[in-house]
Amino acid sequence: MVETVVSPPDAQPKSITALGEVPAQAPVGDQPPRRKPDLLDGVLRFVLTVAASVAVAYVGMGHRVAQLEAELAARPPVIVVDFTKMAAALQGQAPDIIDTAMGRVRGDIRRLQEEGYVVLDGQSVLAAPDDSMMMPASIKPATQTVPQTPSQEKKG
């Protein structure tokens, strides 16, 4: 024997209707209320989009800056020694002053080489910024600065 279970008529879903009847609306408590998008939703989406874009750009630029810093660290600093200008500036000085100044220049060149500088002769350089030119301290113009090496910057 086969038994079939039939639910009572009041337990059947309300969406099933006879022909020509309008389906009944579900009670308000059954569905969550749908709220209309407002200005706050749009502003919040915009702010989150901008924040995400800035974060992605910051991470990307940080990586690129790190690459550039690594490239710059791999390149040695350059200084130009123009003996012609030094000789012209020392012209008319006593021979012992000239020897002392040139001895200091040779010592400075050795020190710069040990610190990783590339030292070029001024006769080989077609153009260079004034900051990259080396002159003895006694004949240097007041506006020109002495190049600071990393070890000198930490000390002073």
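Which residue's side chain does Asp108 meet in a salt bridge? Keep that pair in mind; the tour returns to it.

**Before you start**

This is a predicted model, in which local features need pLDDT of at least 70 and side-chain atom pairs count only at pLDDT 80 or more, while totals for chains, interfaces and linings use all residues. Residues are numbered from 1 along each chain as its sequence is written, and side-chain values use heavy atoms, with hydrogens and water left out.

**Whole chain**

Show the cartoon. The protein has 4 helices and 3 strands. Helices (H or I, at least four residues) and strands (E, at least two) are DSSP runs, numbered from the N terminus. Read from that end, the elements run α-β-α-α-β-β-α.

Switch on the surface. The accessible surface is about 13,100 Å², by the Shrake-Rupley method with a 1.4 Å probe, where for residues only the protein chains shown count as cover. Carbon and sulfur atoms own 61% of that surface. Of the 156 residues, 15% are buried. Buried means under 20% relative accessible area, exposed over 50%, and partly exposed in between (1.4 Å probe, protein chains only).

Now think about contacts (heavy atoms within 4.5 Å). Among those with a separation of 6 or more, 76% link residues 24 or more positions apart.

**Stop 1: the sheet**

Select residues 78-81, strand E1. Add E2, residues 118-121, and E3, residues 133-134. The 3 strands form an open sheet in the order E2-E1-E3, with parallel pairing. E2 and E3 stand at the edges with a single partner strand each, so one side of each is left without a neighbour in the sheet. Strands count as paired if DSSP finds at least two bridges between them. E1 and E2 are joined by 4 bridges; E1 and E3 are joined by 2.

Label the partners. Val81 has Asp121 as its bridge partner in E2. Val80 stands opposite Leu120 in E2. In E3, the bridge partner of Val80 is Met133.

**Stop 2: the start and end of H2**

Move to helix H2, residues 83-90. At its start, find Asp82. A side-chain oxygen of Asp82 comes within 3.2 Å of the backbone nitrogen of Thr84. Then go past the other end of the helix. Gly92 follows H2, and its phi is positive, near 90°.

**Stop 3: the nonpolar core**

Select Ile79, Val81, Met86, Val105, Leu112, Tyr117 and Met134 as sticks. These 7 residues make up the largest nonpolar core. Such a core is a set of buried Ala, Val, Leu, Ile, Met, Phe, Trp, Tyr and Cys residues joined through side-chain atoms within 4.5 Å. E1 and helix H3 (95-114) each supply at least two of its residues.

Centre on Met134. Neighbours within four places in sequence aside, Met134 is in contact with Ile79, Val80, Val81, Asp82, Met86, Val105, Asp108, Ile109 and Leu112.

**Stop 4: the charged network**

Back to the opening question. Select Asp108 and Arg111: their side chains meet in a salt bridge, 3.8 Å from N to O. The term means a side-chain nitrogen of Lys or Arg within 4 Å of a carboxyl oxygen of Asp or Glu. By this rule the count is 2 salt bridges.

Asp108 and Arg111 lie 3 residues apart in helix H3, about one helical turn. An α-helix has 3.6 residues a turn, so residues three or four places apart point the same way.

Add Glu115. Arg111 also forms a salt bridge with Glu115, with the closest N and O atoms 3.7 Å apart. Asp108, Arg111 and Glu115 thus belong to one network, joined by salt bridges that share partners.

Check accessibility. Asp108 is partly exposed at 28%. Arg111 is partly exposed at 29%. Glu115 is partly exposed at 30%.

**Stop 5: the loop between E2 and E3**

Is Ser132 buried or exposed? Select Ser132 in the loop between E2 and E3. Ser132 is buried, with a relative accessible area of 15%. Its side chain reaches the backbone oxygen of Pro129 at 2.8 Å. Neighbours within four places in sequence aside, Ser132 is in contact with Val78, Ile79 and Val80.

Finish with Asp130, in the loop between E2 and E3. Asp130 is exposed, with a relative accessible area of 58%. Draw a distance from its C-alpha atom to that of Val80. The two residues are 50 apart along the chain, and these atoms are separated by 9.3 Å.

Notes: Polar contact = N/O pair within 3.5 Å; in protein donor to acceptor, adjacent residues only side chain to side chain.
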